[in-house]
Amino acid sequence: MALAMIVIRDMPGRFHGFLSSVMLEVAPNIFVSPRMNPGVRERVWQVLSDWYGQERQGSAVMVWRDVNATGGVGMAHLGEPPRELVEADGMWIVRR
(Lines give C-alpha, C1' and ligand atoms only; values in the text may rest on other atoms or scores of the structure.)
Protein backbone atom coordinates (compact mmCIF):
# COMPACT_ATOMS: atom_id res chain seq x y z
CA MET A 1 0.00 0.00 0.00
CA ALA A 2 1.24 3.44 -0.86
CA LEU A 3 0.28 7.07 -0.67
CA ALA A 4 -2.21 8.20 -3.31
CA MET A 5 -3.10 11.81 -4.09
CA ILE A 6 -5.88 13.24 -6.26
CA VAL A 7 -6.18 16.90 -7.25
CA ILE A 8 -9.41 18.11 -8.85
CA ARG A 9 -10.05 21.39 -10.64
CA ASP A 10 -13.43 22.91 -11.63
CA MET A 11 -15.32 19.62 -11.19
CA PRO A 12 -18.97 19.18 -10.13
CA GLY A 13 -19.73 18.88 -6.41
CA ARG A 14 -20.33 15.14 -6.41
CA PHE A 15 -16.65 14.52 -7.23
CA HIS A 16 -15.64 16.54 -4.18
CA GLY A 17 -18.20 14.78 -1.98
CA PHE A 18 -17.15 11.31 -3.11
CA LEU A 19 -13.44 11.99 -2.66
CA SER A 20 -14.10 13.50 0.79
CA SER A 21 -15.76 10.24 1.80
CA VAL A 22 -12.77 8.05 0.87
CA MET A 23 -9.74 10.33 1.29
CA LEU A 24 -8.49 13.17 3.49
CA GLU A 25 -8.78 16.67 2.01
CA VAL A 26 -5.52 18.34 3.10
CA ALA A 27 -6.10 21.57 1.15
CA PRO A 28 -8.95 22.74 -1.10
CA ASN A 29 -9.46 20.09 -3.80
CA ILE A 30 -6.35 18.11 -2.83
CA PHE A 31 -7.09 14.63 -1.47
CA VAL A 32 -4.64 12.12 0.00
CA SER A 33 -4.75 8.61 1.37
CA PRO A 34 -1.58 7.43 3.12
CA ARG A 35 -2.21 3.71 2.62
CA MET A 36 -4.48 3.05 -0.36
CA ASN A 37 -4.06 -0.39 -1.88
CA PRO A 38 -4.11 -0.79 -5.67
CA GLY A 39 -7.60 -2.32 -5.76
CA VAL A 40 -9.18 0.57 -3.87
CA ARG A 41 -7.20 3.11 -5.90
CA GLU A 42 -8.40 1.58 -9.16
CA ARG A 43 -12.03 1.49 -7.95
CA VAL A 44 -11.95 5.14 -6.84
CA TRP A 45 -10.48 6.14 -10.21
CA GLN A 46 -13.09 4.04 -12.04
CA VAL A 47 -15.91 5.90 -10.25
CA LEU A 48 -14.35 9.25 -11.19
CA SER A 49 -13.83 8.12 -14.79
CA ASP A 50 -17.42 6.90 -15.14
CA TRP A 51 -18.81 10.15 -13.76
CA TYR A 52 -16.49 12.22 -15.94
CA GLY A 53 -17.73 10.31 -18.99
CA GLN A 54 -21.27 11.48 -18.18
CA GLU A 55 -20.36 15.08 -17.35
CA ARG A 56 -17.13 16.35 -18.92
CA GLN A 57 -16.23 19.34 -16.81
CA GLY A 58 -12.97 20.27 -15.10
CA SER A 59 -9.96 18.02 -14.65
CA ALA A 60 -8.44 15.57 -12.18
CA VAL A 61 -5.02 14.06 -11.75
CA MET A 62 -4.06 11.15 -9.53
CA VAL A 63 -0.50 10.21 -8.53
CA TRP A 64 0.80 7.28 -6.51
CA ARG A 65 4.06 5.47 -5.85
CA ASP A 66 4.85 2.98 -8.62
CA VAL A 67 8.41 1.65 -8.73
CA ASN A 68 7.90 0.42 -12.31
CA ALA A 69 6.74 3.79 -13.70
CA THR A 70 8.76 6.79 -14.88
CA GLY A 71 10.34 8.50 -11.87
CA GLY A 72 8.68 5.96 -9.55
CA VAL A 73 5.35 7.82 -9.89
CA GLY A 74 2.19 6.37 -11.40
CA MET A 75 -0.12 8.94 -12.93
CA ALA A 76 -3.64 9.14 -14.35
CA HIS A 77 -5.68 12.16 -15.43
CA LEU A 78 -9.11 13.19 -16.64
CA GLY A 79 -9.79 16.31 -18.67
CA GLU A 80 -7.24 18.72 -19.98
CA PRO A 81 -4.33 19.21 -17.59
CA PRO A 82 -3.05 22.79 -17.39
CA ARG A 83 0.48 21.57 -18.07
CA GLU A 84 1.94 18.82 -20.22
CA LEU A 85 4.15 16.20 -18.57
CA VAL A 86 6.94 14.81 -20.72
CA GLU A 87 9.20 11.86 -19.91
CA ALA A 88 12.90 12.63 -20.24
CA ASP A 89 15.74 10.37 -19.10
CA GLY A 90 13.54 8.40 -16.69
CA MET A 91 11.92 11.37 -15.00
CA TRP A 92 9.00 13.75 -15.58
CA ILE A 93 9.45 17.34 -16.69
CA VAL A 94 6.72 19.95 -17.15
CA ARG A 95 6.13 21.74 -20.43
CA ARG A 96 3.86 24.78 -20.45
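Ala69 sits in the loop between β4 and β5. In this predicted model, Ala69 comes out as partly exposed, since its relative accessibility is 24%. Its C-alpha atom is 9.3 Å from that of Met91, a residue 22 places away along the chain.

Strand β4, on one side of that loop, is home to Ser59. With a relative accessibility of 6%, Ser59 falls under the 20% limit and so counts as buried. Setting aside neighbours within four places in sequence, Ser59 is in contact with Val7, Ile8, Arg9 and Met11, and also with Leu78, Gly79 and Glu80. Two of these partners, Val7 and Ile8, fall within the span of β1 (2-9), while Leu78 falls within that of β5 (73-78). Another serine, Ser33, is placed in strand β3. Ser33 is likewise buried, at a relative accessible area of 11%. Beyond four places in sequence, Ser33 touches Ala2, Leu3, Ala4 and Met23.

Now to the nonpolar interior. The largest nonpolar core takes in 20 residues. Within it, the residues with the most contacts are Ile6, Ile8, Leu19, Met23, Trp45 and Leu48. Both helices and strands feed this core: β1 (2-9), α1, β3 (30-36), α2, β4 (59-65) and β5 (73-78) each give two or more residues. The top contributor is α2, which supplies 5 residues. Leu19 gives a good view of how the pieces come together. Not counting residues up to four places away in sequence, Leu19 touches Ile6, Ile8, Phe31, Val44 and Leu48. Three of those partners, Ile6, Ile8 and Leu48, are themselves listed with Leu19 among the core residues with the most contacts.

The two helices α1 and α2 deserve a closer look. Their axes come within 11 Å and cross at roughly 175°. An angle over 145° counts as roughly antiparallel, so that is how α1 and α2 run relative to each other. On the α1 side, the contact is made by Arg14, Phe15, Phe18, Leu19 and Val22. On the α2 side, the residues are Val44, Val47, Leu48, Trp51, Tyr52 and Gln54. Sorted by character, the residues of this contact divide into 9 nonpolar, 1 polar and 1 charged.

Aromatic rings also join these helices. A pair of aromatic rings is described by the distance of the centres and the angle of the planes. Searching the whole structure turns up 2 aromatic pairs. In one, the ring centres of Phe15 and Trp51 are 5.7 Å apart and the planes stand at 90°, which is over the 60° limit, so the pair is edge-to-face. This pair links distant parts of the chain, with Phe15 in helix α1 (residues 13-22) and Trp51 in helix α2 (residues 38-54), 36 residues apart. Phe15 counts as buried because its relative accessibility is 0%. The other pair is formed by Phe18 and Trp51, with 5.5 Å from centre to centre and 70° between the planes, and it is edge-to-face too. Here again distant parts of the chain are linked, as Phe18 in helix α1 and Trp51 in helix α2 are 33 residues apart. Phe18, at 19% relative accessibility, is under the 20% limit and therefore still counts as buried.

Taken together, Phe15, Phe18 and Trp51 form one aromatic cluster. Trp51, which lies in helix α2, touches Arg14 as well as Phe15 and Phe18, leaving out residues up to four places away in sequence. Trp51 and Arg14 are 37 residues apart in sequence, yet their C-alpha atoms are 9.0 Å apart in space.

Finally, two loop residues have backbone angles worth a mention. Most residues other than glycine have a negative phi. Asp10, in the loop between β1 and α1, has a positive phi of about 55° although it is not a glycine. Asp10 counts as exposed because its relative accessibility is 55%. Asn29, found in the loop between β2 (24-27) and β3, also has a positive phi, near 65°. Its relative accessible area of 30% makes Asn29 partly exposed.

Terms used. Residues are numbered from 1 along each chain as its sequence is written. This is a predicted model: local features need pLDDT of at least 70, side-chain atom pairs count only at pLDDT 80 or more; totals for chains, interfaces and linings use all residues. Side-chain values use heavy atoms; hydrogens and water are left out. Rings of Phe, Tyr and Trp (its six-membered ring) pair if their centres lie within 6.5 Å; planes under 30 degrees apart count as stacked, over 60 as edge-to-face and the rest as tilted. Helices (H or I, at least four residues) and strands (E, at least two) are DSSP runs, numbered from the N terminus. Buried means under 20% relative accessible area, exposed over 50%, partly exposed in between (1.4 Å probe, protein chains only). A nonpolar core is a set of buried Ala, Val, Leu, Ile, Met, Phe, Trp, Tyr and Cys residues joined through side-chain atoms within 4.5 Å. Contact means heavy atoms within 4.5 Å. Axes are lines fitted to C-alpha atoms, for helices over the stretch in contact, and angles run from 0 to 180 degrees between N-to-C directions. Angles under 35 degrees count as roughly parallel, over 145 as roughly antiparallel, 65 to 115 as roughly perpendicular and the rest as oblique. Ala, Val, Leu, Ile, Met, Phe, Trp, Tyr, Cys and Pro count as nonpolar, Asp, Glu, Lys and Arg as charged, and the others, Gly among them, as polar.
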